[in-house]
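Here are a few notes to read beside the structure, written for someone meeting it for the first time. Keep the 3D view open and look up each residue as you go.

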Amino acid sequence: MNNVLDRDLPRDRDHPTEDGGLARGLSNRHIQLISIGGAIGTGLFMGAGKTISISGTSIILTYMVIGFFLFFVMRAMGEMLLSNLRYKSFADFCSAYLGPWAGFFIGWSYWLTWVVGSIADYVVVGGYMQFWFPTLPAWIPAIATLTSLLLLNMLTVKLFGELEFWFALVKIVAILTLIAVGIYLVSTSFVSPAGVRASLSHLVEKDAFMPHGVLGFFAGFQIAIFSFAGIELVGTTAAETKDPERNLPRAINAVPLRVIIFYVLSLACIISVSSWKNISAHVSPFVQLFLAAGFPMVAAVINFVVTTSAMSAANSGVFSTSRMLYGLASTKDAPALFRWLTSRSVPVMGLLFSCLCMLIGILLLFVIPDVMSIFTIVSTVSAILFIFVWSLILVAYLVYRMRNPDLHAKSRFKMPGGIPMASLCLAFFVFVVGLLTLDADTRSALRVMPLWFFLLLVAYKLTRRGHRRSISVLEHAQAAE
């Protein structure tokens, strides 16, 4: 077996689990719903209105294109995770195939994506709660949600799976209900109070496809890519998934169908009922469609849905950040204290540190008056880092194919298209990053990203120097004996 399979893998012999590390407590039911939750971002509920107003009906094509390429990222990730079950996450195989620097960069970058994204989610939860309690300061429910998720995630990994199962279920029910209502309104030729008749003809009406030209179509990519952030979360649950050879492929292979159902059908129903011209960029199109249907409790229902959606994203952030810190500590790329597990195999120190960083970010956002501008920059930073993570997964796959053709030949879960498709996906991500330069807010986020990678480089050099010094001291001690 090639040495790459045994290099830089997390090992932990201090805890009574199967392999001395994280416990495999997630069942197929959990992993399926986690993968669905990762494929349905809060951007679908709140950002779809803006994307439709910019791109018209071409936004449906935008989501299909993004979903298409991310499916192959997921397949590449799945093939490599299953090539060696000692890989606990994609950071492990990136470190093994690209070198220790890759594991360091992808681990800390992925950690930051979820910290930054979760901060935004907690702020959103605080704002949503003011719908029911207008005089309640938004920071109170934000911090209360963070505290609750911290305490729940400290119990067992199975409880995380249960939380994400029900959070995802609420999102699924909301989307399926929207699709059912949309189909009913179209089939009955419903006329809204604004005088718009529900009809499939709105999907092909004049100037609907690219109302603002090619630039409007490209602008849709900038926003829609945020909705898919977290789709790779199933890759961080590999170490805690029962029967990964069966459950991971099932979750990954379902991605195309879920994109069609949750994105394409829901957006088609919204446009068919309202027409893209009447969809506001500042209001959730889900709210608009249910208002058109005449549901008196629509505002409260949709507010509940988007609140649980934000909580689901925040819950994923609490889980994934702690696991990435555990993996980094296991390869000595983070302080050893993050490697400490409770008796229930929960990386409690990683949980506490990540939640502390989220708490500081929440307080800072509420101190800064222009929250929306900061929110835009923060969400863009998160999306750029996700693109970086997805790209490194693909690069690691290319190296894996060149270095271990025997493993690929034996794989029962090969990535379709192989090397050519992985290269095409990388070209697509370069294209998307180029699109981020077209908008002033996203351009600002791009400008600050080199600073993060510079800090990572400095930290990596210092970490490697510390490793070499420790090895030198050990060698001197052994020689003296």
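1. Let us start with a term. A charge sits over a ring if NZ of Lys or CZ of Arg is within 6 Å of the ring centre and within 35 degrees of the ring normal. You can find an example here: Arg75 lies over the face of Phe413, at 4.0 Å from the ring centre.

2. Please remember that this is a predicted model. The chain has an average pLDDT of 77, and 79% of its residues score at least 70. Confidence is highest in helix 16, with a mean of 93, and lowest in helix 1 (residues 28-39), with a mean of 55.

3. Two stretches call for care. Over residues 1-20 pLDDT stays under 50, yet the model has 54 contacts for them beyond four places in sequence. Residues 470-481 also stay under 50, and for these the model has zero contacts beyond four places in sequence. Where pLDDT is low, the predicted coordinates should not be read in detail.

4. Now for the overall picture. The chain has 17 helices and zero strands. Of its 481 residues, 59% are buried. Among contacts with a separation of 6 or more, 83% join residues that are 24 or more positions apart.

5. Which residues have the most contacts inside the largest nonpolar core? They are Phe93, Trp108, Tyr122, Trp390 and Ile393, in a core of 140 residues. Trp108 is a good one to click on. Leaving aside neighbours within four places in sequence, Trp108 is in contact with Leu325, Leu328, Asp333, Ala334, Trp452 and Leu456.

6. Aromatic rings deserve a point of their own. A pair of aromatic rings is described by the distance of the centres and the angle of the planes. The structure holds 27 aromatic pairs. One of them joins Trp108 and Trp111, with 5.4 Å from centre to centre and 80 degrees between the planes, an edge-to-face arrangement. Both residues lie in helix 5 (residues 100-129), three residues apart, about one turn of the helix. Trp108 counts as buried because its relative accessible area, 14%, is under the 20% cut-off. Trp111 is buried too, at 8% relative accessibility.

7. Compare this with another pair. Phe428 and Phe431 form a tilted aromatic pair, with centres 6.4 Å apart and planes at 40 degrees. These two residues are three places apart in helix 16 (residues 418-435), so about one helical turn separates them. An α-helix has 3.6 residues a turn, so residues three or four places apart point the same way. Are the two Phe residues buried or exposed, or something in between? Phe428 is buried, at 7% relative accessibility, whereas Phe431 is partly exposed, at 34%.

8. For a fully hidden residue, try Thr62 in helix 3 (residues 58-83). Thr62 counts as buried because its relative accessibility is 0%. Not counting residues up to four places away in sequence, Thr62 touches Phe217, Gly220, Phe221 and Ala224.

9. Helix lengths can be checked by simple arithmetic. Helix 13 (residues 348-367) has 20 residues, so at 1.5 Å a residue a span of 28 Å is expected, and the 29 Å between its end C-alpha atoms agrees with that. Its buried residues include Val348, Leu351, Cys355, Met358, Ile362 and Leu365. Helix 6 (residues 139-153) has 15 residues and reaches 21 Å from its first C-alpha to its last, close to the expected 21 Å. Among the buried residues of helix 6 are Pro141, Ile143, Leu146, Leu149 and Asn153.

10. Finally, look at the loop between helix 7 (157-187) and helix 8 (213-227), where Ser189 is placed. Ser189 has a positive phi of about 50 degrees although it is not a glycine. Asp207 is in the loop between helix 7 and helix 8 as well, and Asp207 has a positive phi of about 65 degrees, again without being a glycine. How accessible are they? Ser189 counts as partly exposed, at 34% relative accessibility, while Asp207 is exposed because its relative accessible area of 54% is over the 50% cut-off.

Definitions and conventions. Residues numbered from 1 in each chain as written. Predicted model: local features only at pLDDT ≥ 70, side-chain atom pairs only at ≥ 80, totals over all residues. Heavy atoms only, no water. Phe/Tyr/Trp six-rings, centres within 6.5 Å; stacked < 30°, edge-to-face > 60°. Helix = DSSP H or I, 4+ residues; strand = E, 2+ residues; numbered from the N terminus. Buried < 20%, exposed > 50% of the residue type's maximum accessible area, 1.4 Å probe, protein only. Core = buried A, V, L, I, M, F, W, Y, C linked by side-chain atoms within 4.5 Å. Contact = heavy atoms within 4.5 Å. pLDDT = per-residue confidence, 0-100. Expected span 1.5 Å × (residues − 1).
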